[in-house]
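Let's take a walk through this structure, one piece at a time. Have a look at it first, and then we'll go through it together.

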Amino acid sequence: MSQVQSHDSESSARGDHAARLYHQPWPSDWWLRRASFTLFMIREITAVFVGGYAIFLLVLLFLPAGAFQAAVQGPVSAFMHVIVLVMALYHTVTWLNLTPKVLVVWRGEERVNPILLTAAHYVGWIVLSLVIVGLVVFLAGGGA
Amino acid sequence: MADENAILEVFRYQPDQKSEPTFQRYEVPFHEEWVVLDALNYIKDHLDGTLSYRWSCRMGICGSCGMMVNGDPKLTCSVFLRDYHPQVMRVEPLRGFPVIRDLVIDLDDFMNKMTEVKAWMIPKEERSIEQGEYLQSPAQLARYRQYSTCINCTLCYAACPVYGRHTEFVGPAAIALAQRYNMDSRDGGYEERAETLFDEHGVWMCTFVGDCSRVCPKNVDPAAAIQQAKVSATKDFYRSLVPWGKRRTET
């Protein structure tokens, strides 16, 4: 019986404690209150543009030739491509800079310098981009 | 002898008197060598004995004096008045946690999470005293050493917007410590921790804001620990797809 009473009084004390706690509100504009938060949100939003452009490219594949030309030419298309390019560059740079947080390489007891890892990714990115540009230019020229 | 005063606006919450918090302004002598905790101790000793806050070691080891100073999570024993003066210093309890009184937060949720992730050594093999100690090479130690320096100050939780909006998230320090043990060559508890670490409230809730690592006073880099735990979970998933694959304990 005494155990039951003890349990009840403990529960009651916990209830009182919980009731007296003040829960601090988390502001809905938290991402505007610190530059690093705002930059994080921009990084996340750029994913929408990158993903959206990937869908746009897939749609292009299924368009007839006339519609394809209309979709990729003109000032509206040029403006859209510039915006998407800026977003894609920001997205790529921010994620490449974060690579050493995810990828840790060890040489014995020494960790390989994170800057080297990031630099290697930048080199890979530039080389791949040049290869793709070269391929596109080659195909646009009729493959000759 | 101080010639001028520093001004602090301190969060006050006294549930026995008021149901809502207020801010109280105090003027304390400005000394170049004083940290914010010195100013709080001055208030407690000379101006207002009712002010409640936690502190212990005064040298960035115990992790108990974490508070928001002008909106940023800080160990108050490690930030100087001169870093803010003559600006008014606003001192608040760590964000994201329930407040018991004034600057004292309720740590029950954090302590429960440390238990849930089993943030302790689960030996890979039991050894008797006669068998001797669990040996480890310097290279094996180097793998997890950074994550072992966490002092449980919870500044990373106060910096984390994910935890701020969804307190069910296991959170940076608990995951970093779980990862610390997962990466320890002597530990065999990876499977036991996986259920909590990799469930819907575990590592996948982290959106990699990265502010936990910025505010960490010990450079633990919990954001990196969380992303590396995600890599472990992903490897496990792909291993589970092939007949010869099996989950491996991190080494």
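Helix 4 of chain A has a kink of about 30° at Leu96(A), shortly before the proline Pro100(A). Keep in mind that this is a predicted model, so to speak of a bend here is to speak of the model. Helix 4 of chain A covers residues 75–102, which makes 28 residues. From its first C-alpha to its last it reaches 40 Å, close to the 40 Å expected at 1.5 Å a residue.

Now turn to the place where the two chains meet. On the chain B side, 25 residues are in contact with 17 residues of chain A. Which parts of chain B supply at least two residues each to that side? They are strand 6 (98–101), helix 3 (138–144), helix 5 (161–165), helix 8 (211–215) and helix 9 (222–241). Helix 9 of chain B gives the most, with five residues. Sort the side of chain B that touches chain A by class, and you get 15 nonpolar, four polar and six charged residues.

Strand 6 of chain B deserves a second look, since we can follow its pairing across the chains. Strand 1 of chain A (residues 22–23) is joined to strand 6 of chain B by two bridges, and the two run antiparallel. Tyr22(A) stands opposite Val99(B), while His23(A) has Pro98(B) as its bridge partner.

Strand 6 of chain B also pairs within its own chain, with strand 7 (residues 104–105), again in the antiparallel sense and over two bridges. Here Val99(B) turns up once more, standing opposite Ile105(B) in strand 7 of chain B. Strands 6 and 7 of chain B form a hairpin with two residues between them. In that turn, Asp102(B) has a positive phi of about 45°.

Put these pairings together and what do the three strands form? They make an open sheet in the order 1(A)-6(B)-7(B), with antiparallel pairing. Strand 1 of chain A and strand 7 of chain B stand at the edges with a single partner strand each, so one side of each is left without a neighbour in the sheet.

Methods
Residues numbered from 1 in each chain as written. Chains lettered and ligands numbered in written order. Predicted model: local features only at pLDDT ≥ 70, side-chain atom pairs only at ≥ 80, totals over all residues. Contact = placed C-beta atoms within 7 Å. Helix = DSSP H or I, 4+ residues; strand = E, 2+ residues; numbered from the N terminus. Nonpolar A, V, L, I, M, F, W, Y, C, P; charged D, E, K, R; others polar. Pairing = 2+ DSSP bridges. Expected span 1.5 Å × (residues − 1). Bend = angle between axes of the 7 residues up to and from the residue.
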